[in-house]
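Please open the model in a viewer and display side chains as sticks. The tour below proceeds by selection, with a short account of what is found at each stop.

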Amino acid sequence: MRVRTTAAVASLVLLTGCGAADMTKQASPFANAQGAKTVTLSVQSWVGAQANVAVAQYLLEHELGYRVDTVQVDEVPAWDALSQGRVDAILEDWGHPEQEQRYVDDKKTITRGGELGVTGHIGWYVPTYFAEQHPDVTSWKNLDKYADLMRTAESGGKGQLMDGSPSYVTNDKALVTNLDLDYQVVFAGSEAAQITQIKQFAKEKKPFLTYWYAPQWLFKKVPMTEVKLPAYKEGCDADPAKVACAYPHTPLEKYLNSDFARSGGKAAAFLKKFRWTTEDQNEVSLMIADQKLTPEQAAKKWVEGHESTWRTWLS
């Protein structure tokens, strides 16, 4: 979801059984392959994005006869790779206005692929068991009252606001400063590390404050309640240093390399039609992250139970 102003790790990893290839040094051997039925999909690091790609890959391979290559790319580098034709499609973007202006509007090397069907939202959350005990914690104005309870060894004497990866879209440091809160942003490092920490806090029934996002399967395992930040208004986050408002609700979009959009045949047409619900995505995400199915196994299971949904993507 998720990189806007933070520096992204510009590494691209080719996910194949033969090991890793540095995609910053070479194009995928499958992207834009002349005369070959191949597609290269960008995979972001969070499980919802992995669920999208797993299902798209399964159907492209088993219903349309394509070979699908998947490449793990941080959010901003993924736009660069898409523009250059090193990947053919991004299936879940959380809003990158600078890249949209540069590549979609100005250079026209990237084409909008339509909405994914899922609306994303980032926010601050506390565990519901704590919110039920302390209802006023659900307003940002009362967070300092609970800062001591949120303190950790990593938060430097302040309350901890736990974020995931520094590469995700986050206004949290600016929000803490501009709302004058007695908190310190602490990065877990990844979605997986953040989930592990949240589960541990929940197991011990400890209070915590965390950056989190919907849709996300973890809500089914650890119920969380959103803390209300100052209301979002159009443009209130235009200056990253001055942000003092909530995150918006963002209809998640797909993007295709423009050459692929024009000449990608049935694969491009399929990806433009690929559209499912939050419930669909969470179902596959839960199978991957919690039930430990492989992405292919999870996709196969979902496909077998939802033919009426995906059949329309192929027509």
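Does Glu115 count as buried, partly exposed or exposed, and at what relative accessibility? Select Glu115 in this predicted model: the residue counts as partly exposed, at 39% relative accessibility.

**First stop: Glu115 and its partner**

Add Arg275 to the selection; its side chain and that of Glu115 meet in a salt bridge, with an N to O distance of 3.8 Å. This pair links distant parts of the chain, 160 residues apart: Glu115 belongs to strand S5 (residues 110-127), whereas Arg275 sits in the loop between helix H8 (265-273) and helix H9 (278-289). Arg275 is partly exposed as well, with a relative accessible area of 45%.

**Second stop: Asp290 and Lys221**

Next, select Asp290 and Lys221, which form a salt bridge whose closest N and O atoms are 3.2 Å apart. Here too distant parts of the chain are linked, 69 residues apart: Asp290 lies in the loop between H9 and helix H10 (295-305), and Lys221 in the loop between strand S8 (209-214) and strand S9 (224-227). Asp290 counts as partly exposed at 23% relative accessibility, a value to be read against the 20% below which a residue is buried. Lys221 is also partly exposed, its relative accessible area being 45%.

**Third stop: helices H10 and H11**

From Asp290, follow the chain into H10 and display H11 with it. The two axes come within 6 Å and cross at roughly 95 degrees, so H10 is roughly perpendicular to H11. To view the contact, select Trp302, Val303 and Gly305 on H10, together with Glu307, Thr309, Trp310 and Trp313 on H11. By class, this contact has 4 nonpolar, 2 polar and 1 charged residues.

**Fourth stop: the network at Arg311**

Keep Glu307 selected and add Arg311 and Glu63; these three residues are linked in a network of salt bridges. Within the network, the side chains of Arg311 and Glu63 meet at 3.6 Å, N to O. Arg311 lies in helix H11 (residues 307-314) and Glu63 in the loop between helix H1 (47-62) and strand S3 (67-73), so the pair ties together parts that are 248 residues apart in sequence. Arg311 counts as partly exposed, at 37% relative accessibility, and Glu63 is partly exposed with a relative accessible area of 37%.

**Closing view**

Finally, display the salt bridges across the whole model: the structure holds 12, including those of Arg275 with Glu115 and of Asp290 with Lys221.

Technical notes: Residues are numbered from 1 along each chain as its sequence is written. This is a predicted model: local features need pLDDT of at least 70, side-chain atom pairs count only at pLDDT 80 or more; totals for chains, interfaces and linings use all residues. Side-chain values use heavy atoms; hydrogens and water are left out. A salt bridge is a side-chain nitrogen of Lys or Arg within 4 Å of a carboxyl oxygen of Asp or Glu. Helices (H or I, at least four residues) and strands (E, at least two) are DSSP runs, numbered from the N terminus. Buried means under 20% relative accessible area, exposed over 50%, partly exposed in between (1.4 Å probe, protein chains only). Axes are lines fitted to C-alpha atoms, for helices over the stretch in contact, and angles run from 0 to 180 degrees between N-to-C directions. Angles under 35 degrees count as roughly parallel, over 145 as roughly antiparallel, 65 to 115 as roughly perpendicular and the rest as oblique. Contact means heavy atoms within 4.5 Å. Ala, Val, Leu, Ile, Met, Phe, Trp, Tyr, Cys and Pro count as nonpolar, Asp, Glu, Lys and Arg as charged, and the others, Gly among them, as polar.
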